Amino acid sequence: MSGDLTISGIHHKKVKVEVIAADVSASIVASGQLTVPPPKPDIASILDTQAQVTITRVSVVSGKVVIQGNVSVDITYVSTAPSQPVHFFEGTLSLFGSADVPGIFPGMTPEVVVTNVFATSRLIDPRTVEVNVLVTIRVKVLREQVLPIISDVPKKIVVP
């Protein structure tokens, strides 16, 4: 038998589904200077720098996903105060960047997940630290598609 076979009595419905239009990885850098708050002593050396990322806004423009957010930075340091050698302070940097995603356009739904965060810091002076944070993200862009599905099949099928 060749050709299409039509069977009567089968009912179809249409459903909306989300289809992955793109799935890419990208990197964004957040940089800035943080200052030790007033009651804390000066920095002799930096022991550790940690960062946590919060995505606050994601939008789609033609061919790009724009990402905005904040990076909370925690710095542990050796102080110049002999009685209290280890101190800690925190600060916030702005995160702004984009991921190139060819073929997408406004109206599609972006999903952004942070996959890796790497932070470095450098002492500029006893009260100022330069921080660089590399944020790796995974971007999925979804689009809606309407698909017909079979919703009811008769108990007896008659083939013409």
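Strands are here taken as DSSP runs of at least two residues in state E, numbered from the N terminus. In the predicted model described below, valine 78 falls in strand S3 by this criterion, and the description proceeds from that strand to the pairing of S1, S5 and S6, and then to the charged pairs.

Valine 78 has a relative accessible area of 25% and is therefore classed as partly exposed. Apart from neighbours within four places in sequence, valine 78 is in contact with Asp42, Ile43, Ala44, Ser45, Leu47 and Pro85, while a C-alpha separation of 14 Å is computed between valine 78 and serine 121, which lie 43 residues apart along the chain. Serine 79 also belongs to strand S3, which spans residues 64–79, but serine 79 is buried, because its relative accessible area of 7% falls under the 20% limit. The side chain of serine 79 reaches the backbone oxygen of glutamine 84 at a distance of 2.5 Å. With neighbours within four places in sequence again set aside, the residues in contact with serine 79 are Pro41, Asp42, Ala44, Gln84, Pro85 and His87.

Strand S1, comprising residues 11–35, is joined to strand S6, comprising residues 128–152, by 24 bridges in an antiparallel arrangement. Within this arrangement leucine 34 stands opposite valine 129 of S6. Strand S6 also contains serine 151, which is partly exposed at 36% relative accessibility and whose C-alpha atom is placed 5.3 Å from that of histidine 12, despite a sequence separation of 139 residues. Beyond four places in sequence, serine 151 is in contact with His11, His12 and Lys13.

Strand S6 is further paired with strand S5, residues 109–125, in the antiparallel sense over 15 bridges, and a hairpin of two residues provides the connection from S5 to S6. Alanine 119 has valine 133 of S6 as its bridge partner. On the surface, Val29, Phe118 and Leu134 form a nonpolar patch, with a combined accessible area of about 280 Å². Of these residues, valine 29 lies in strand S1 and is exposed, because its relative accessible area of 52% is over the 50% limit.

Five salt bridges are found in a search of the whole structure. In one of them, the side chains of lysine 16 and glutamate 144 meet with an N to O distance of 3.8 Å, and this pair links distant parts of the chain, lysine 16 being in strand S1 and glutamate 144 in strand S6, 128 residues apart. Both lysine 16 and glutamate 144 are exposed. A salt bridge is also formed between the side chains of lysine 64 and aspartate 100, with an N to O distance of 2.3 Å; because lysine 64 lies in strand S3 and aspartate 100 in strand S4 (residues 86–100), the pair ties together parts that are 36 residues apart in sequence. Lysine 64 is partly exposed, with a relative accessible area of 32%, whereas aspartate 100 is exposed, with a value of 52%.

The side chains of arginine 122 and glutamate 130 likewise meet in a salt bridge, with an N to O distance of 2.9 Å. Arginine 122 counts as partly exposed at 46% relative accessibility, and glutamate 130 is assigned to the partly exposed class with a relative accessible area of 25%.

Technical notes
Residues are numbered from 1 along each chain as its sequence is written. This is a predicted model: local features need pLDDT of at least 70, side-chain atom pairs count only at pLDDT 80 or more; totals for chains, interfaces and linings use all residues. Side-chain values use heavy atoms; hydrogens and water are left out. Patches are made of residues with over 30% relative accessible area and no salt bridge: like charges are joined within 9 Å, nonpolar side chains (Val, Leu, Ile, Met, Phe, Trp, Tyr) within 5 Å. Accessible areas come from the Shrake-Rupley method with a 1.4 Å probe; for residues, only the protein chains shown count as cover. A salt bridge is a side-chain nitrogen of Lys or Arg within 4 Å of a carboxyl oxygen of Asp or Glu. Helices (H or I, at least four residues) and strands (E, at least two) are DSSP runs, numbered from the N terminus. Buried means under 20% relative accessible area, exposed over 50%, partly exposed in between (1.4 Å probe, protein chains only). A polar contact is a pair of N or O atoms within 3.5 Å; within protein, one must be able to donate a hydrogen and the other to accept it, and residues adjacent in sequence count only if both atoms are side-chain atoms. Contact means heavy atoms within 4.5 Å. Two strands pair if DSSP finds at least two bridges between them.
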